[in-house]
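Reader: I would like to go through this model strand by strand and then look at its core. Where should we begin?

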Amino acid sequence: MSGLSKLNVSNPKVWVVIGVGLAGVLILAEVHRRRGKANSYDEEYFGAFIERFELLPFPQPPPPAARLPLSGLTFAISDNFNIKGYITGYGSAEWKRTHEAAVKTAIVVTTMLRSGATCVGKTIMDELGFGILGENKNYGTPTNPQKPSHVPGGSSSGSAVAAAAQIVDFALGTDTVGCIRVPASFCGVLGFRPSHGIVSTIGVLPNSQSLDTVGLLASDPSVLHLVGHALLQLNTLAPKKTRRIVIADDIFQLSKVPLQKTVYVISKVADKLSGYQTSKHMNFGQYIAANVPSLQIFREESTNQQTAMSTLRALSSAMLFLQRHEFKTNHEEWIKSVKPKLSSDVSNRVSAAINTTQENVKTLYKVRIEMRTALKSLLKDDGILVIPTVADPPLKRSSRKGLPTEFHDRINALLSIANMSGGCQVAIPLGKHEDSPISVSFIASHGNDKFLLDTVLDMYSSLQEHVSIISSSSLLPDMNGSMDAAELLKEKGNAAYKGKQWNKAVSFYSEAIKLEDKNATYHSNRAAAYLELGCFQQAEDDCSKAISLDKKNVKAYLRRGTARESMLFYKEALQDFKHALVLEPQNKVAGLAEKRLRKLIS
């Protein structure tokens, strides 16, 4: 007799057991179905959204009035914009749990709806707006469409991913210390940080009011231009100005992308288009050091030379101190009462803000005023400053090593320029390098947002055309076929050097070295340019390479001696000048240097 037949079917407990069992099977089946649906949903939307909904635009005006300017466009918003009837989560489950639904919609969202656009949901962001990687322990990390195994950048990570994957036509987020520009760079889209205070932040959760701006992300330059005008409520008609492109050569040294793929492309396009002056090159770090005197208090004591990196590091220190001070003012009470469980990176930043008392608050605001004045004086109403958006490619997702200090320093140094001047900035994709998106930034002085947006739209197609040319050729497009390519580049470097365009000279010599690495002259010449820039370690390395290729290269010994003396390695420098004298006994430079160093050593 079977086990089933032994059951007493008249016993009610039997049917209860059977019913529970069947219910369990059905529940498990439904869970699996929903998980499958959720997974397919995440894959379809790249994990960009916290929640999807639809806010319809305002009605179209009756004819003959023109249609609303953003009609037919869709957009998403980061989780720090208020929507009436929804809890604004600030990227944090703890924040969402301890707050009520918003009673009003953020003004900027209403502006987009009035302009004809449809809002389709809220996107993931770094908790409390702290973080530049785009990782979120509560809701997951959105998938970078350009590089799925790497972070999308933050804090407006979901908005950048939604724009890059073209799930929406554009997306809104906030930019405090780079929260729009970093994800734009990592995801290969356009990212616009407006001038500080130009766009209303009413209904947007604050991180640091002196730095917070509402920003815009889009993959199409025409959409960026159109939405930017609606965002800023600009008059579309304005006289066209002659444009000045100013390239910060010293800052491009922080980037790992070859100048051929950035500076060269921008210079070529600016020289080709009508209405543009010949591109100018400058040492931006020196300019800021001379024109923002209040930065001196934030300069590291061990830094003797006012290089671009030391100046921008001081500027970024002031920026971070300001952010911490204002974040503490805004959220200290909530942090201490709730004691939220945050991801390690965000927790460290919040702890630094809450547990630090700023002693030089007035100086922080003074730096902002001086920085805004300095940028306005440099660019006026017709200038565009060009810098790399970020210095490094995106890091791998879920990296256990944490955020490297050097990565943090370099990225904050670049972001601090617009942040502390209050100027407007657009991050522009320029192809790829080693499979990572390249991004350069155009910066205009405070209030010149329309001029900036118009310039980006004017140059964008030509920039992409030149990117394609560079990508398909290992040489510069204007090579003279009758002359060896490397030699031509060397001659261009020599001309730039004589014209005191040191960074340009380094660029040309570097391209020559790529083509012919075994030429001692190319390395020695580049060392000379590095010396003028104060890059003594690079100069020493180049000279050592030149000497290894040519033991009788007198100039390499002289230049290496100069570099070593500048780094206070007197004994090593003395040996170099002695070698030069052995090769050229009558060399006056070497003779004077030898006497000088002997006195210093003794």
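Author: This is a predicted model. A suitable start is strand 2, residues 74–78.

Reader: How many of the five residues of strand 2 are buried?

Author: Strand 2 is mostly covered. Buried here means under 20% relative accessible area. By that cut-off, the number of buried residues in strand 2 is four.

Reader: Which residue of strand 3 stands opposite Phe-75?

Author: Strand 2 runs parallel to strand 3, residues 118–123, and four bridges join them. Across this pairing, the residue opposite Phe-75 is Cys-119.

Reader: Which residue of strand 4 stands opposite Ile-77?

Author: Strand 2 also pairs with strand 4, residues 170–175, in the parallel sense over three bridges. In strand 4, the residue facing Ile-77 is Leu-172.

Reader: Which helix gives the largest share of the largest nonpolar core?

Author: The largest nonpolar core has 61 residues, and Phe-75, Phe-170, Leu-172 and Phe-442 have the most contacts inside it. Its largest share is nine residues, and they come from residues 449–471, helix 15.

Reader: How many residues are in the second, separate core?

Author: Phe-284, Met-319, Val-367 and Leu-379 are included in this second core. Its residue count is 36.

Reader: What percentage of the residues in the protein chain is buried?

Author: The protein chain has 22 helices and eleven strands. Its accessible surface comes to about 27300 Å², with 54% belonging to carbon and sulfur atoms. Of its 602 residues, the buried share is 53%.

Definitions and conventions: Residues are numbered from 1 along each chain as its sequence is written. This is a predicted model: local features need pLDDT of at least 70, side-chain atom pairs count only at pLDDT 80 or more; totals for chains, interfaces and linings use all residues. Side-chain values use heavy atoms; hydrogens and water are left out. Buried means under 20% relative accessible area, exposed over 50%, partly exposed in between (1.4 Å probe, protein chains only). Helices (H or I, at least four residues) and strands (E, at least two) are DSSP runs, numbered from the N terminus. Two strands pair if DSSP finds at least two bridges between them. A nonpolar core is a set of buried Ala, Val, Leu, Ile, Met, Phe, Trp, Tyr and Cys residues joined through side-chain atoms within 4.5 Å. Accessible areas come from the Shrake-Rupley method with a 1.4 Å probe; for residues, only the protein chains shown count as cover.
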